[in-house]
Amino acid sequence: MTNVDLHLHSTASDGALSPSELMQRAAEREAELVALTDHDCLRGLEEARAAAFVLGVPFLNGVEVSVTWGTKQQSVHIVGLGIDPDSTSLSQGLASVRQGRIDRAREMAAGLARIGIEGAFDGAMAWCGNPEMIGRAHFARFLVGSGHVKDVRTVFRKYLTPGKPGYVPHQWAVLADAVGWIREAGGVAVIAHPGRYDLGRTLMERLITEFKDAGGEAIEVACGSHGLDDMHKFALLAQRFDLLSSAGSDYHAPGEGGRDLGRTDDLPPICRPVWIPLADRILTHQQTN
Ligand code: AMP
Ligand code: MN
Ligand code: MN
Ligand code: MN
């Protein structure tokens, strides 16, 4: 099985397609297994699951938890796969992570207003399907849609990253808590897109060690933000740290750059795919005719 995509976003967080539209696209692209992994929120899962079932796309429940980690207060994302969406511990944990997004968004808008970009709060909200999940991607879409900036990549570089006018630092979940909520919900915790973190070798190994100590079991090896070099580097780290390997595009929206939904590079043969131990949690609808 290679057409596996265990990292996808819908309008429940900062994706542009509804959960059903996303599953429709997965079916068109002949995905053999998908997981919806919205940021800090489970509310797209029911719709996605129902659509995947009807379309015959094998489906896993997922989530991507925002974490602040380390002495540099780095943002790190932890994906949870095969979670029970009815878990109280996970739901309550995520509710606490979502708190503060609206206030942060007002501060982001104030920062942009100071450099002459007015109306960014309402503008970003107009791109957001779930107000309590307002985030940087919605601001990026507003800035591109209103003609202030030519594309999303440029928005992040010039406005929405540390030190830039629309960036507001934020305290997300504690790493061990995020991993704990995922485990309490019966899921497998995965370090998302490790190649994106600005950590040297020592800090990356410290992150993996703390993650494992908290009960984390996997790392994304094939993903939208990894080239082949990163993929092989993290395959070797997975092997060394005895972690399972995941594959996911981190797909957000048509035409927004990055990978399309569906097949990523094949995991190197040294990897143990994360979906093997999750087999009993995959919802499958076998077509009978
Ligand atoms: P937030 O959770 O509000 O801080 O937003 C984080 C989201 O912004 C990520 O999940 C991506 O969807 C998006 N993002 C972050 N950095 C970039 C980038 N350089 N280019 C495009 N999108 C990005
Ligand atoms: Mn996102
Ligand atoms: Mn992420
Ligand atoms: Mn993501």
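How are the donor residues of the manganese ion that is ligand 2 spaced in sequence? They follow the pattern D-x24-H-x212-H, and I would like to start from that site and work outwards.

Before I do, a word on what we are looking at: this is a predicted model, in which local features need pLDDT of at least 70 and side-chain atom pairs count only at pLDDT 80 or more, while totals for chains, interfaces and linings use all residues. Residues are numbered from 1 along each chain as its sequence is written, chains are lettered from A and ligands numbered from 1 in the order in which they are written, and side-chain values use heavy atoms, with hydrogens and water left out.

Let me take the manganese ion (ligand 2) itself. Its coordination comes from Asp-14, listed twice through OD, together with His-39 through NE2 and His-252 through NE2, at 2.1 to 2.7 Å; donors here are N, O and S atoms within 2.8 Å of the metal, or 3.2 Å for Na, K and Ca, and because water is not among the atoms, sites may look incomplete. The 6 donor atoms around this ion subtend angles of 52 to 156 degrees, and therefore the arrangement is irregular. That word covers whatever fails the other classes: four donors are tetrahedral if all angles lie between 85 and 135 degrees, and four are square planar and six octahedral if opposite donors are over 155 degrees apart and all others between 65 and 115. Asp-14 sits in the loop between strand E1 (4-5) and helix H1 (19-28), and His-252 in the segment after strand E7 (244-248), so the pair ties together parts that are 238 residues apart in sequence. Helices (H or I, at least four residues) and strands (E, at least two) are DSSP runs numbered from the N terminus. Asp-14 is buried at a relative accessible area of 12%, and His-252 is buried as well, at 17%, where buried means under 20%, exposed over 50%, and partly exposed in between, with a 1.4 Å probe and protein chains only.

Two other manganese ions belong in this picture. Ligand 3 is 5.6 Å from ligand 2, and ligand 4 is separated from ligand 2 by 4.7 Å. Ligand 4 is coordinated by His-7 (NE2), His-9 (NE2), Glu-64 (OE) and Asp-250 (OD), at 2.1 to 2.2 Å, and the spacing of these donor residues in sequence is H-x1-H-x54-E-x185-D. Within that group, Glu-64 in strand E3 (residues 59-69) and Asp-250 in the segment after E7 link distant parts of the chain, 186 residues apart. Glu-64 is buried, with a relative accessible area of 0%, and Asp-250 is buried at 14%.

Asp-250 has another feature to point out. Most residues other than glycine have a negative phi. Asp-250, however, has a positive phi, near 60 degrees, and Gln-73 also has a positive value, near 50 degrees. Gln-73 is in the loop between E3 and strand E4 (74-81) and is partly exposed at 45% relative accessibility.

Next, ligand 1. The residues around it, meaning those with a heavy atom within 4 Å, include Asp-14, His-39 and His-252, along with Arg-101, Arg-104 and Arg-196. Polar side-chain atoms lie 2.8 Å from an oxygen atom of ligand 1 in the case of Arg-104, 2.8 Å in that of His-252, and 3.1 Å in that of Asp-14. Taken alone, ligand 1 exposes 500 Å², of which the protein buries 78%; such areas come from the Shrake-Rupley method with a 1.4 Å probe, and for residues only the protein chains shown count as cover.

Finally, the salt bridges, each a side-chain nitrogen of Lys or Arg within 4 Å of a carboxyl oxygen of Asp or Glu. By this rule the count is 12. In one of them, Glu-256 and Arg-141 have their closest N and O atoms 2.6 Å apart, and this pair joins the segment after E7 to helix H6 (residues 136-145), 115 residues apart. Arg-141 is buried at 5%, whereas Glu-256 is partly exposed at 27%. Glu-205 and Arg-201 meet in a salt bridge at 3.5 Å, N to O, and both lie in helix H9 (residues 201-213), 4 residues apart, about one turn of the helix. I will close with Arg-25, Arg-29 and Asp-260, which are linked in a network of salt bridges.

Definitions and conventions
A polar contact is a pair of N or O atoms within 3.5 Å; within protein, one must be able to donate a hydrogen and the other to accept it, and residues adjacent in sequence count only if both atoms are side-chain atoms.
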